[in-house]
Amino acid sequence: MPIITTIQDLKDLHRRRTPRMFYDYAESGSWTEQTFRENTTDFEKIRLRQRVAVDMTGRSTASQMIGQDVSMPVALAPVGSTGMQHADGEILAAKAAEKFGVPFTLSTMSICSIEDVAENTTKPFWFQLYAMRDKTFIKNIIQRAKDAKCSALVVTLDLQILGQRHKDIKNGLSIPIRPTLPNLIDLATKWRWIAGMAKTKRHAFGNIVGHIDGISDLSSLSVWAAESFDPQLNWEEVKEIKKMWGGPLILKGILDAEDAKMALQVGADAIIVSNHGGRQLDGALSSIRALPAIMDAVGDKIEVHLDSGIRSGQDVLKALAMGAKGTYIGRAFVHGLGAMGEAGVTKALEVIHKELDVTMALCGETQVRDLGRHDLLIPEDFEGRWQA
Ligand code: GLV
């Protein structure tokens, strides 16, 4: 068993053990990848305030997200095709999250279906919805999420059309993998992955196959997204989705204060400040930079969460100290999954938890709920002076 001390260790193993096209799918941003890069480099610009001689016993990272108890406010983000990073990936990640006491969010574009994950877990998970042109599909999948006792619906608003990630085109990303010469050469060193895939029957988009009509090529994410996702999605439709669902609703992909106010108006329970991990609008602000303006606009009226760029417990602490009530990790858990399956996801959560806990202590904090701006040193020009 390799010694893992950081998310980077898991990332290195993930790259070695998973077919290149799936590793690259996870580790890409759109176009120049500026937003993808700045999601992490902007976290580095924020420094921590060291405090001393504070009793640091009795520390706790326990908190709540949308009223649900969490052992730390770090949920697993919805990540498409997770079951291609490792056989049965969504089931394994959901199990690890359940044991750790953090929410798992299943993507519409998952390989394991809602029912697969429900059958293999014992606690409710969250379901992420993409609005599709096919309204019957939307109605049915919301009903399936209710039947599976999902305890929150996360509606993604920033992907009506898929951002271009160059590597996916160059790699010929497809599900399942086509037996081309470059793919066969790549697979020759990925024996663990092949062995896992040989043992599972889950090799396609489990929520979709048999549930949606009129798609010419389900193996291609870009064709599928172009043909199925609803380019007309608007706030009225969000209200209808809210009504159909009738439970806790989280709106994902908010990066602008005006949109945050709209989310408040439609009655969402929480928003996720997110640029989709830098995979959609390249050139948009990093999530952590966008957070302060959104906190100022709606922070006292709605629960604000953040994703995009979190690779450590220190990043989690910074987002919480800037006002977020919850955070999400995507790539950080996928690296764990690709590296070592369920044990790797658990490892990713342990690494982040330890970093969060020790950082809290060294900042002179004992309760995650008490974190605030007073724990941070934020450069004066951090938010930037932009003219709209
Ligand atoms: C889908 O959510 C993607 O970013 O590829």
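Start with helix H3 (34–45). H3 gives the most to the lining of the second largest pocket, four residues. Helices and strands here are DSSP runs numbered from the N terminus, helices being H or I with at least four residues and strands E with at least two. A pocket, on a 1 Å grid over the protein atoms alone, is an open set of points with protein on both sides within 12 Å along at least five of seven lines; a cavity is a set where a 1.4 Å probe fits but cannot get out; lining residues have an atom within 4 Å of a point. The model is predicted, so local features need pLDDT of at least 70 and side-chain atom pairs count only at pLDDT 80 or more, while totals for chains, interfaces and linings use all residues. Residues are numbered from 1 along each chain as its sequence is written, and side-chain values use heavy atoms, with hydrogens and water left out.

**Second largest pocket**

Select Gln 8, Lys 11, Thr 40, Glu 44 and Arg 311. Of the 14 lining residues, these are the closest to the pocket's centre. Add helix H1 (7–17) and helix H15 (313–321), which, like H3, each supply at least two lining residues. The space comes to about 330 Å³. Volumes are the space filled by probe spheres set on grid points, which are joined across faces, edges and corners. Now colour by class. The lining has two nonpolar, five polar and seven charged residues. Ala, Val, Leu, Ile, Met, Phe, Trp, Tyr, Cys and Pro count as nonpolar; Asp, Glu, Lys and Arg as charged; the others, Gly among them, as polar.

**Largest pocket**

Next, the largest pocket, with about 840 Å³ of space. Select Leu 255, Asp 256, Asp 259, Leu 281 and Ala 284, the closest to its centre of 33 lining residues. Then show helix H12 (235–245), strand E8 (249–254), helix H13 (257–265) and helix H14 (287–298), the elements that give two or more residues to the lining. H14 has the largest share, four residues. By class, the lining divides into 18 nonpolar, nine polar and six charged residues.

**Two stops: Gly 283 and Met 244**

Go to Gly 283, in the loop between strand E9 (270–273) and H14. Gly 283 is partly exposed at 48% relative accessible area. Buried means under 20%, exposed over 50%, and partly exposed in between, with a 1.4 Å probe and protein chains only. Draw a line from Gly 283 to Gln 34: the C-alpha atoms are 6.2 Å apart, across 249 residues of chain. Beyond its neighbours within four places in sequence, Gly 283 is in contact (heavy atoms within 4.5 Å) with Gln 34 and Thr 35.

Move to Met 244 in H12. Met 244 is partly exposed, at 29% relative accessibility. Not counting residues up to four places away, Met 244 touches Ile 138, Lys 139, Ile 142 and Lys 146. Its C-alpha atom is 9.4 Å from that of Ile 138, 106 residues away along the chain.

**The cores**

Which residues touch the most other members of the largest nonpolar core? Select Leu 251 and Ile 271, out of 109 residues. A nonpolar core is a set of buried Ala, Val, Leu, Ile, Met, Phe, Trp, Tyr and Cys residues joined through side-chain atoms within 4.5 Å. Helix H16 (residues 331–362) supplies the largest share of this core, 13 residues. A second, separate core of twelve residues includes Ala 77, Val 154, Ile 250 and Tyr 328. Back at Ile 271, contacts outside its four-place sequence neighbourhood include Leu 251, Ala 260, Ile 294 and His 305.

**The cavity**

There is one cavity of 30 Å³ or more. Its volume is about 380 Å³. Select Pro 78, Val 79, His 276, Arg 279 and Gly 330, nearest the centre among 28 lining residues. Helix H2 (20–26), strand E6 (126–130) and strand E11 (326–329) are the elements that give two or more residues to this lining.

**Backbone stops**

Most residues other than glycine have a negative phi, and most peptide bonds are trans. Select Ile 175 and Pro 176: a cis peptide bond joins them, with omega about 0 degrees. Pro 176 sits in the loop between helix H8 (166–171) and helix H9 (181–187).

Ala 53 has a positive phi of about 55 degrees. Find Ala 53 in the loop between strand E1 (47–48) and strand E2 (63–65). Ala 53 is exposed, at 85% relative accessible area.

Finish at Lys 149, with a positive phi of about 65 degrees. Lys 149 lies between helix H7 (135–147) and strand E7 (152–156), in the loop.
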